[in-house]
Amino acid sequence: MKTISFRLTDKQHHYLAAVAKNQMRSVEQLLWMALSEGIPYMFTEETYCVDKLQCDFTDEDRESMAKYPLATPCYGTQYYGDHPWAEEIRGNVLSDIEHELEQADSFDLQAEITRTNELHAQRKQDYEAKEAAKKEEEAAKKEQEAAQ
């Protein structure tokens with residue numbers, strides 16, 4: 001679990017707290033909602049590229065990786081695309097209300113990053129081995145043709 005802090009003027013904080021109170025939410029809950037809605041809104045016509053973790057790969061991602069061995073699945077590369085990682089933040093509100101937010105963070109992020117990096121490294125190694133075998137085969141063919 002990580003905590004993010006940022007600065008607001010007293011006036012900005014006043015209005016943010018007032019809106020949160022009006023919506024019967026804490027400031028933190030209001031910000032979770034704003035992030036989950038704001039990221040997709042902000043990036044409807046802009047793109048970004050963030051590599052996905054292996055646990056977030058879809059069947060479509062797996063098919064694409066099989067077809068394009070050096071490509072890695074990313075979020076944010078499509079106009080009007082989905083941003084499930086941001087939309088998932090909305091669930092923090094309910095988890096917080098039910099006092100389950102700490103339990104929800106039992107995910108071992110570093111292990112997943114390592115697992116994803118190892119997968120991509122293996123994919124790259126496999127691709128390079130295939131390419132080297134192709135070159136050897138082509139060279140052997142040319143050598144055989146030249147000998148005839």
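**Close-up 1. The largest pocket and the elements that wall it.** α2 (27-42), β1 (50-51), α4 (84-87), α5 (91-97) and α6 (101-104) each put at least two residues into the lining of the largest pocket. This is a predicted model, so read every value here as computed from predicted coordinates. Helix α2 is the top contributor to that lining, with 5 residues. The volume of the largest pocket comes to about 1400 Å³. In total, 30 residues line the largest pocket, and those nearest its centre are K2, E88, I89, N92 and D105. By residue class, the lining of the largest pocket splits into 18 nonpolar, 4 polar and 8 charged.

**Close-up 2. The second largest pocket, with K52 and D61 among the residues nearest its centre.** Here the volume is about 450 Å³ for the second largest pocket. Its lining runs to 19 residues, and K52, E60, D61, C74 and Q78 sit nearest the centre of the second largest pocket. Two elements, α3 and β2 (74-75), each give at least two residues to the lining of the second largest pocket. The largest share of that lining is from α3, at 4 residues. What is the make-up of the lining of the second largest pocket in nonpolar, polar and charged residues? The split is 6 nonpolar, 8 polar and 5 charged.

**Close-up 3. The salt bridge between D61 and K52.** Zoom in on two of the residues nearest the centre of the second largest pocket, K52 and D61. Their side chains form a salt bridge, with the closest N and O atoms 2.7 Å apart. Are the two partners buried or exposed? D61 counts as buried, at 11% relative accessibility. K52 is buried as well, at 9% relative accessibility. The salt-bridge count comes to 6, with this pair as one of them.

**Close-up 4. A salt bridge inside helix α3, D59 with R62.** The N-to-O distance for the D59 and R62 salt bridge is 3.6 Å. Both residues belong to helix α3 (residues 59-67) and are 3 residues apart, so about one helical turn separates them. D59 is exposed, with a relative accessible area of 58%. R62 comes out as partly exposed, at 43% relative accessible area.

**Close-up 5. A salt bridge inside helix α7, E128 with K124.** In this salt bridge the closest N and O atoms of E128 and K124 are 4.0 Å apart. The cut-off for a salt bridge is within 4 Å. Helix α7 (residues 109-147) holds both E128 and K124, which are 4 residues apart, about one turn of the helix. E128 is partly exposed, with 44% relative accessible area. K124 is partly exposed too, at 45% relative accessibility.

**Close-up 6. C49 and C74, two cysteines without a disulfide.** A search through the whole structure turns up 0 disulfides. Why is there no bond between C49 and C74? The closest cysteine sulfur to that of C49 belongs to C74 and is 3.1 Å away, which is too far for a bond. For scale, the disulfide cut-off is within 2.5 Å. C49 is exposed, at 52% relative accessibility. Look for C74 in the second largest pocket as well, as one of the residues nearest its centre.

**Close-up 7. The aromatic cluster of F43, Y48 and W85.** The structure holds 2 aromatic pairs. In one of them, the rings of F43 and Y48 have their centres 4.7 Å apart and their planes at 65°, so this pair is edge-to-face. F43 counts as buried, at 17% relative accessibility, and Y48 is also buried, at 14%. Y48 also pairs edge-to-face with W85, at 6.4 Å centre to centre and 85° between the planes. Which parts does the pair of Y48 and W85 tie together? Y48 lies in the loop between α2 and β1 while W85 is in helix α4, so the pair ties together parts that are 37 residues apart in sequence. W85 is partly exposed, with a relative accessible area of 36%. Taken together, F43, Y48 and W85 make one aromatic cluster.

Notes. Residues are numbered from 1 along each chain as its sequence is written. This is a predicted model: local features need pLDDT of at least 70, side-chain atom pairs count only at pLDDT 80 or more; totals for chains, interfaces and linings use all residues. Side-chain values use heavy atoms; hydrogens and water are left out. Buried means under 20% relative accessible area, exposed over 50%, partly exposed in between (1.4 Å probe, protein chains only). On a 1 Å grid over the protein atoms alone, a cavity is a set of points where a 1.4 Å probe fits but cannot get out, and a pocket is an open set with protein on both sides within 12 Å along at least five of seven lines; lining residues have an atom within 4 Å of a point. Grid points are joined across faces, edges and corners, and a volume is the space filled by probe spheres set on the points. Ala, Val, Leu, Ile, Met, Phe, Trp, Tyr, Cys and Pro count as nonpolar, Asp, Glu, Lys and Arg as charged, and the others, Gly among them, as polar. Rings of Phe, Tyr and Trp (its six-membered ring) pair if their centres lie within 6.5 Å; planes under 30 degrees apart count as stacked, over 60 as edge-to-face and the rest as tilted.
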